[in-house]
Every structure is written in C-alpha cells, then in structure tokens.
Amino acid sequence: MLLLDKLYIGANRVYHGGFALVKAAIHWRHPALVTGAGSIGRIPFLLSSAKLRHPLIVTDPFLREALAPRLTALLDEAGIDYTVFSDVEPNPTSANCEACRDAYLAAGCDSFIGLGGGAPMDTAKAAACLLVRPDKTVAQMNGILRVWKKLPVLIAVPTTAGTGSETTIAAVIVDEKTRHKAAIMDPVLMPRYAVLDPELTEGLPPAVTASTGMDALVHALEAYFSRSNNTKETKKLAEDAVCLIFQYLERAYRDGSDMEAREQMQLAAYKAGFAFSRVGVGNVHAIAHTLGGLYNTPHGLANAVILPHVLRDYGPVVHKRLGHLAELTGVLTGGTDEDRANAMIQEIDLMNQRMGIPTGFNFIRDEDIDQMITWAMHEANPVYPVPQVFTREHFRQVIEKIRLPKGS
Ligand SMILES: NC(=O)c1ccc[n+]([C@@H]2O[C@H](COP(=O)([O-])OP(=O)(O)OC[C@H]3O[C@@H](n4cnc5c(N)ncnc54)[C@H](O)[C@@H]3O)[C@@H](O)[C@H]2O)c1
Ligand SMILES: [Fe+2]
C-alpha cells in the first residue's frame with residue numbers, strides 16, 4: 001500500500017475516534033411506536049392528542065391513489081383538515097422538497113404525515129428542515145448536525161419495508177442541478193411517531209419487496225460492521241434484523257399477502273434503521289447513492305447489487321462478524337470464520353438470484369465514473385466508520401465489478 005494511502009486511512013480513523021465521542025454525547029430519541037394491522041387508524045388520535053389540526057400528507061403519485069384514501073377517510077371521519085402533497089419522485093429532489101415546503105406554508109399546515117417509502121418520508125423531513133432553516137438550501141444542510149433546530153411533528157407511515165426512515169435521523173435528497181444525492185443527518189429529523197401497519201405493505205409488488213428488503217439487510221450489515229458506537233443494543237438490533245430478513249423476506253416476495261412475513265419485515269426494517277442511524281452505514285450506501293442520483297436507480301436495488309462485491313472486498317476484516325451472523329441465521333454453523341463468512345456472502349448472492357435481482361447494471365457511463373468515485377469518497381470518508389476505509393482505487397474496483405456491458 002502506498003504511504004499516501006496509509007496516511008489517508010489513518011486520518012479517517014482519527015476522525016472516527018473523535019466523532020464517536022460526539023455521537024456518544026447525543027441524546028438518541030426513539031419515535032413513539034404504533035404497530036399492528038390497522039394501526040393507521042390511530043393517526044387521528046395521535047394528531048388530536050398532540051393538538052395538531054392540519055397535517056400535510058406527503059406521498060407519491062401512485063400512493064395518492066392506492067393508499068392515501070385510507071388515511072384521508074380516517075381524517076374526514078374525525079373532522080381533521082389536511083392537505084395532500086403527492087409530487088414526490090422515487091429519488092426525491094431538492095425541488096420536490098421546496099415544493100413540499102411551499103405546499104405546507106400555503107395551506108397553513110402544522111405537521112407532516114409521511115406516507116410511503118423512504119422517498120415521501122425523506123421529502124417530508126427535508127421540507128421540515130427548509131421550514132425551520134429558511135436561510136439554507138438542502139445542499140447547505142447536507143452532512144452532520146447542520147439543522148440543529150426543532151422541526152414540526154412528523155408522523156412517519158412506511159409503506160415499504162426497507163429504508164427505516166421512520167426511525168432514522170437522515171433524509172437523502174438529490175440536488176436538482178448536479179444530481180448529487182446526499183444525506184441531511186441530524187437528530188432533529190427523528191420522526192415523532194412511527195406507525196407500522198403491515199396491511200399498508202400488502203400491495204407492494206414482488207420486485208419492490210425484494211429490493212427494499214435488501215436495503216434493510218444492507219442497513220443491518222453496515223451497522224453491524226461499524227467501527228464506532230456499536231453498543232450491545234445496536235448489535236442486537238442488527239442481528240435480529242438480519243435473522244428476520246433471512247427468514248421472512250423471500251416469503252413476503254413469494255406471497256405478498258403473507259401478513260406474518262409483511263409484519264416481520266416491517267419490524268426488521270425498523271430495527272435495522274434504528275441501528276444504522278446511531279452507528280452509520282458504509283461503502284455500499286456511498287456507491288448506491290451515486291447510482292440513485294445519476295441514473296434514478298431504485299435505492300434498494302443499487303444496494304442489493306453492490307453488497308456482495310463490497311463484502312468480498314472487505315475480506316478478513318469482516319469474517320468474524322459475518323461468520324457469527326451465518327451461525328445465527330443457520331446458513332452455516334461449522335467450519336472457520338472464513339468458511340462461515342463466505343457461506344453468508346454466497347447465500348446473499350443466491351437470495352438476490354432467487355428474487356430476480358441482477359448482478360450488475362449496463363447503464364453506467366464511462367464519463368460518470370470519476371464523478372461517482374469522488375461522490376462516494378466524499379460521502380463515506382471520513383463520516384462512515386467502515387470496517388475498511390476505501391481509497392479511490394477500491395471504489396473504482398467495485399464500480400467496475402457492478403458494470404455490465406451495454407446491451408447485456
Ligand atoms: N432516511 C433514511 O434513513 C433512508 C434510508 C435508506 C434509504 N433512504 C431513501 O429512501 C428512498 C427509497 O425509499 P424506498 O426504497 O422505500 O422507495 P420509494 O419510496 O421510492 O418507493 C418505491 C416504489 O414503491 C411504490 N410503493 C411504495 N409503497 C407501496 C405499496 N405499499 N404498494 C405498492 N407500491 C408501493 C412507490 O410508489 C414507488 O414507486 C431513497 O431515496 C433512499 O435514498 C432513506
Ligand atoms: Fe438504505
């Protein structure tokens with residue numbers, strides 16, 4: 001390894017140590033959790049008990065027709081005013097968030113309900129940040145602790161089982177002009193309530209079930225490998241999430257109406273979200289966000305494709321922990337740490353294969369690669385306490401591995 005690389009990695013590790021102290025001092029609030037089939041029915045009570053009179057329901061165009069009417073019928077029945085904002089794109093943009101903030105102000109709203117996958121929940125969070133920080137753009141709030149001001153109440157109602165945004169301090173938004181996808185990370189973004197109603201995920205198509213579920217797996221694994229702030233609680237949450245995903249994701253993929261699988265996947269996504277929010281994600285996410293920004297690749301799909309490559313690249317630094325997960329999930333109980341870790345990676349490959357997830361993408365353009373590496377480096381280093389700090393060359397190698405020839 002070059003001396004410069006060694007110095008670069010050392011500097012990242014120093015930052016991780018210092019930042020771990022800052023994170024240890026943060027008071028981590030949990031959202032109030034409302035769970036179970038039909039729990040969406042509790043939302044009018046949540047609003048009235050918090051003396052909130054006019055929420056902005058943030059959702060996307062599909063869910064406006066498919067699921068929002070269930071919520072608006074409940075609010076109508078309870079005599080609660082609301083406004084619906086449904087212009088959220090799959091990889092939400094800064095312009096989406098500004099329009100969402102404008103809708104909130106125009107209708108005189110006093111709270112947000114994020115109804116949907118990560119995209120609507122993140123849009124609601126970022127719009128709330130724009131409200132309390134009118135002097136800043138989304139890009140100026142990207143990074144850590146750049147909001148630092150109380151937000152209006154957000155009730156997060158996930159309709160996918162993946163991002164965990166209902167219990168994270170992050171909102172991941174694409175800059176409208178540059179297509180740079182980056183996260184605002186601040187404890188004030190933690191939703192006040194998380195409503196986990198598995199019935200809302202029943203209609204999720206198999207491909208979206210698969211990719212969003214793999215996003216939750218990446219959250220759990222990246223949290224589990226984090227080199228800072230992992231506690232007994234976060235490790236246990238990550239382990240539980242991995243076990244639940246191995247047990248239930250393919251069941252939910254094969255039969256969307258399997259409500260036990262849907263419920264357990266919602267719980268897995270929540271646990272994984274809770275864990276990674278405290279200890280960080282890693283290099284898989286840093287690369288996945290560049291694909292979401294540049295090519296609109298669904299976030300979970302990008303993560304699922306990148307995950308096995310990064311795990312293989314990590315090699316021995318993750319063998320012990322990955323081997324332990326192989327034992328917990330029952331993938332392999334005998335052999336060495338290395339044997340068990342390799343069995344786990346192979347099983348992830350097979351899960352992807354069985355759920356129709358490709359091994360790479362044929363749309364990555366030559367001329368974008370340097371920009372992707374720069375963005376991924378900027379996101380991961382030094383912020384994410386990854387098990388192995390990636391240099392430009394590492395990122396390039398992984399991106400080359402997920403590149404398939406055009407037309408394939
Ligand atoms: N804030 C965080 O901590 C965090 C964590 C991970 C990912 N993210 C972000 O979340 C976004 C991705 O969220 P996502 O994966 O949930 O996807 P999404 O919100 O884009 O939804 C994916 C698709 O599924 C559809 N859909 C959602 N629920 C449905 C349902 N119940 N039935 C049928 N269709 C349904 C949507 O209309 C959409 O077309 C990305 O922008 C990603 O970067 C945020
Ligand atoms: Fe994610």
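Here are some questions and answers about a predicted model, covering a ligand's surroundings and a small sheet.

User: How many residues surround ligand 1, and which are the closest?
Analyst: Let's start with the shell around the ligand. Gly117, Gly118, Ala119, Thr159 and Thr168 are the closest residues. Counting the whole shell, the number surrounding ligand 1 is 32.

User: Which domains does the shell around ligand 1 draw on?
Analyst: Some helices and a strand chip in here: helix H3 (61–66), helix H6 (118–132), strand E7 (170–174), helix H8 (206–225) and helix H12 (299–314) each give at least two residues to the shell. Going by domains, at least three residues come from each of domain 1 (3–25 + 205–401) and domain 2 (32–201).

User: How many residues of each class, nonpolar, polar and charged, does the shell around ligand 1 have?
Analyst: Take the classes one at a time. Charged residues number three in the shell around ligand 1. The other two counts are 12 nonpolar and 17 polar.

User: What is the strand order in the open sheet of three strands?
Analyst: Find the edges, then fill in the rest. Strand E5 (143–144) and E7 are the edge strands, each pairing on one side only. The pairing is mixed, and the order is E5-E8-E7.

User: Do E5 and strand E8 pair in the parallel or antiparallel sense?
Analyst: Look at who faces whom. Gly143 sits opposite Ile184 in E8, and Ile144 has Met185 as its bridge partner there. E5 and E8 (residues 181–185) are joined over two bridges, and the sense is parallel.

User: How many bridges join E7 to E8?
Analyst: One spot to check is Ala171, which stands opposite Ile184 in E8. The two strands form a hairpin with six residues between them, and Arg179 in the turn has a positive phi of about 65°. E7 and E8 run antiparallel, and the number of bridges is five.

User: Why is E8 largely enclosed by the rest of the structure?
Analyst: Check both faces of the strand. On one side are Lys181, Ala183 and Met185, on the other Ala182 and Ile184, and all are buried. E8 is largely enclosed because the residues that are buried are five of the five.

User: At about what angle to E8 does helix H11 run?
Analyst: Helix H11 covers residues 283–295. This helix lies across both E7 and E8. Its angle to E8 is about 120°.

Note on methods: Residues are numbered from 1 along each chain as its sequence is written. Chains are lettered from A and ligands numbered from 1 in the order in which they are written. This is a predicted model: local features need pLDDT of at least 70, side-chain atom pairs count only at pLDDT 80 or more; totals for chains, interfaces and linings use all residues. A residue is near a molecule or strand if its C-beta atom, placed from the backbone, lies within 6 Å of it. Helices (H or I, at least four residues) and strands (E, at least two) are DSSP runs, numbered from the N terminus. Ala, Val, Leu, Ile, Met, Phe, Trp, Tyr, Cys and Pro count as nonpolar, Asp, Glu, Lys and Arg as charged, and the others, Gly among them, as polar. Domain bounds come from an automatic or database domain assignment. Two strands pair if DSSP finds at least two bridges between them. Two residues are in contact if their C-beta atoms, placed from the backbone, lie within 7 Å. Axes are lines fitted to C-alpha atoms, for helices over the stretch in contact, and angles run from 0 to 180 degrees between N-to-C directions. A residue is buried if 20 or more other C-beta atoms lie within 10 Å of its own, exposed if 12 or fewer, and partly exposed in between; C-beta atoms are placed from the backbone.
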